[in-house]
Amino acid sequence: MTPAREDSPEAGELVATKRGGYHVLTRYDRRVLMLMVGLPLLLDVIFIWWPTMSSILLSFTNYNGVGDVTANNFVGLKNYQFLFSGYTLFWPAFFHNIIWLAWLALIATPVGIFFAVLLDREIRGSGFYQSVFFLPVVLSLVVVGFIWELQFSPTEGFINNVFGLTKSNNIVDWLGNPRINLFAILVAASWRHVGYVMVIYLAGLKSVDPTLREAAKVDGANEVRTFFRVIFPVMAPINVVIAVITAIEALRAFDIAFIVNQGKNGLELLSILITNNSISEASLVGFGSAIAVILLVISLGPIIVFLSRVMRSTS
Amino acid sequence: MGGSRDQKILLPGTDIELPMGLDLSRRDVLKIAGYGSLAAFIAACGGGTTTTTSGTVTAKGGSMSIGSYLSDAVPKKGLQDIVDAFTTANGGTKVKVNTVDHGTFQNTINNYLQATPEDVFTWFSGHRMRFFADKGLAQPLDDVWNDVKGNFTEGFAASVKGNDGHVYAVPTSYYPWAIFYRKDVFAAGNYKIPTDWAGFKALCDQMKKDNLTPIAFADKDGWPAMGTFDILNLRLNGYDFHTELCVGKQKWTDPRVANVFKKWAEITPYYSPAFAGLTWQEAAQQLLKKKAGMYLLGLFVSEQFVGSGNPDDLAQLDFFPFPDVGSQYDAEKALDAPIDVYMLAKKSPTLGADTGQAKAFLEFMSKGSSQIIYWKASPGAIPTANDADQSQYPALTKKAAQIVSNAKRITQFFDRDSRPDFSGPNSMQGFLLRYLSNPKQDTGSLQGQMQSFWDSLQPE
């Protein structure tokens with residue numbers, strides 16, 4: 001039998017398998033499918049699974065970033081052992097990430113949602129407020145960090161000067177005092193996060209069926225009750241997105257702290273410990289990878305929650 | 001090399017006499033010039049003129065590139081002036097300068113040198129140069145050094161030699177760390193230069209009464225505090241202990257380290273308010289604007305005085321050596337005097353084609369006349385070449401050369417004398433900041449953490 005053209009009617013016939021059965025898909029379909037599944041899979045493996053697996057492997061080595069990894073580099077669980085028992089910066093960094101998450105979840109995100117609800121009421125100058133709150137979002141976090149660094153600078157900064165703290169010699173060391181500098185940069189991070197949450201939530205609110213509100217009004221529910229009992233539950237898909245964004249922002253927190261002082265003196269974060277250890281002058285790649293693996297394990301929490309929600313809603 | 005014990009060397013064009021009473025026979029002088037003084041720097045070894053360049057090593061015209069950490073305005077201009085002069089002198093060689101923020105350059109040096117570095121890069125001598133030479137990321141340049149070594153003293157030669165005996169860098173400038181002050185401020189307050197610890201603290205008290213911040217201090221960058229740690233450890237515990245501590249032969253848990261922290265706590269109350277949030281430039285501005293009385297920093301503090309636009313500011317800048325602390329090691333007069341160098345990046349993709357030009361640049365940089373160009377733009381860096389025209393030096397530079405010559409022991413700086421993985425933001429810098437956040441604390445647990453961090457590092 002001469003081979004048929006791939007797209008010819010003959011190609012649509014069932015193809016016999018070696019085991020004597022028949023394939024459900026034609027040869028052409030199978031090739032297209034293989035390409036469509038294989039290519040993304042290949043990219044996925046190259047850009048996600050390979051780096052992840054290498055990180056996990058490297059976390060068991062003392063590799064210093066030069067040359068090849070050899071069998072001599074493997075040190076077993078030594079990195080993890082030191083991480084949990086000897087490395088004094090790990091737990092502070094871990095708790096700083098937790099504080100970051102709590103701050104965003106309990107303060108910045110609710111404020112963003114509140115702004116969205118306010119702006120949704122079509123008050124006068126709504127467009128103006130929207131652009132004002134959204135402006136920081138288009139700035140990169142590095143720029144945000146730089147802007148706030150200028151505000152917070154002890155002697156030259158705006159805040160200490162405008163409150164007369166410089167003159168009265170009551171200088172507050174916003175960025176240098178390890179007790180308060182984390183909260184100072186959280187203000188900076190929230191400045192951006194609030195606008196981000198606001199825009200996403202506002203878009204969601206716009207798509208809520210207005211008849212729901214009217215029905216609630218007819219039933220005699222006030223504004224607050226309408227929001228919490230009617231609008232908020234209807235917005236469930238958006239709420240999940242907001243929750244995940246908040247978690248991700250807290251876990252990947254890096255830029256502002258790094259710009260301010262490379263993440264030392266009270267601004268240690270997991271992401272910064274990874275960077276400072278693995279791509280610093282010292283290049284403790286193995287140890288940095290161990291911290292990265294811990295961060296990965298922590299990140300799996302919100303990732304699993306998110307994926308399970310998404311998959312449940314699609315199935 | 002020569003120089004008998006009672007010989008003195010007169011720096012050309014100055015009235016500075018350099019003592020030769022030191023032991024030049026020992027090798028590895030700059031480990032770190034510990035066996036010598038500036039005499040070891042400038043001593044003997046001909047001190048003559050630059051030898052002529054041999055045609056085989058260098059090339060004219062063409063192009064080359066430089067990776068530079070000279071990101072502050074003043075030194076950046078200095079490098080540009082040199083590059084322009086080099087282009088003119090070397091048949092129009094096109095030089096691409098890639099300037100990276102100083103701190104970023106240092107922190108990413110490992111990746112930078114392994115990826116696609118420029119042909120020539122700015123770096124530091126000593127342990128920190130050897131670290132990367134050992135990793136095979138720097139190109140030996142013995143041929144260049146053979147051409148130019150006559151223009152450098154033994155001390156500089158030792159500072160650029162790798163562990164394998166090859167030369168990996170050309171030293172181009174150095175500067176001392178000392179306590180800087182404004183002459184007009186001292187005159188107005190009728191302050192006397194303190195020579196001992198009690199006098200130093202009394203002066204601080206007086207300045208506080210006069211509404212001055214006695215000691216400008218800034219440690220947002222993390223490294224400036226190391227300068228104070230260095231000098232206190234050197235003076236209290238001696239050069240030998242300090243250098244051994246830096247390389248792990250002494251323990252951080254040693255009570256002698258605790259003494260350093262205890263002594264340090266006596267002067268931290270005199271520091272600038274909110275110092276942990278200040279950059280060294282901001283602290284230098286306090287000194288410049290007469291808000292602070294003294295500042296322990298490198299000679300590069302003068303960059304801020306150059307940048308003020310008022311020539312009188314620079315004229316008023318002066319310094320004195322760290323006061324005696326009353327230990328047996330005061331006599332060493334030890335201080336930090338780091339040497340800056342230029343190196344060749346082995347992994348540079350263009351180095352193969354540009355080798356001749358890059359080496360021509362290094363030879364150009366080793367001439368006194370070229371180093372003077374940089375020094376004129378950035379007077380915080382003293383030329384290393386013997387044939388630099390020192391008649392142009394103002395009093396400040398002459399004095400800086402002298403304070404180094406008076407020191408019997410010279411170190412580079414903590415992050416150049418110790419291993420890089422112990423000097424970073426999440427290690428020594430972080431430890432010192434933690435100490436400074438509460439200087440009166442019992443430092444026992446902090447020292448324990450420092451030692452356990454050191455122990456966690458793999459052997460070099």
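1. How many residues does the contact take from chain B and how many from chain A? In this predicted model, chain B contributes 30 residues and chain A contributes 34 residues. On the chain B side, the elements giving two or more residues to the surface that touches chain A are α3 (102-107), α4 (109-114), α19 (420-423), α20 and α21 of chain B. Of these, α4(B) gives the most, with four residues.

2. The composition of that side of chain B can be stated by class. The residues of chain B that touch chain A comprise nine nonpolar, 17 polar and four charged.

3. Helix α11 of chain B spans residues 255-265, and V257(B), V260(B), F261(B) and W264(B) in this helix are buried. These residues lie on the same side of α11(B), because the arc they cover around the axis is only 90 degrees.

4. Which elements are included in what covers the buried residues of α11(B)? Among them are α10 (224-246), α20 (428-436) and α21 (444-456), which belong to chain B. Two of these names recur from point 1: α20 and α21 of chain B also give two or more residues to the side that touches chain A.

5. In chain A, S299(A) sits in helix α13, which runs over residues 285-314. S299(A) counts as partly exposed because it has 15 C-beta neighbours inside 10 Å, where 20 or more would make a residue buried and 12 or fewer would make it exposed.

6. The separation of S299(A) from N62(A) is 237 residues in sequence. In space, C-alpha to C-alpha, S299(A) and N62(A) are 24 Å apart.

Terms used. Residues numbered from 1 in each chain as written. Chains lettered and ligands numbered in written order. Predicted model: local features only at pLDDT ≥ 70, side-chain atom pairs only at ≥ 80, totals over all residues. Arc of directions from axis to C-beta. Contact = placed C-beta atoms within 7 Å. Nonpolar A, V, L, I, M, F, W, Y, C, P; charged D, E, K, R; others polar.
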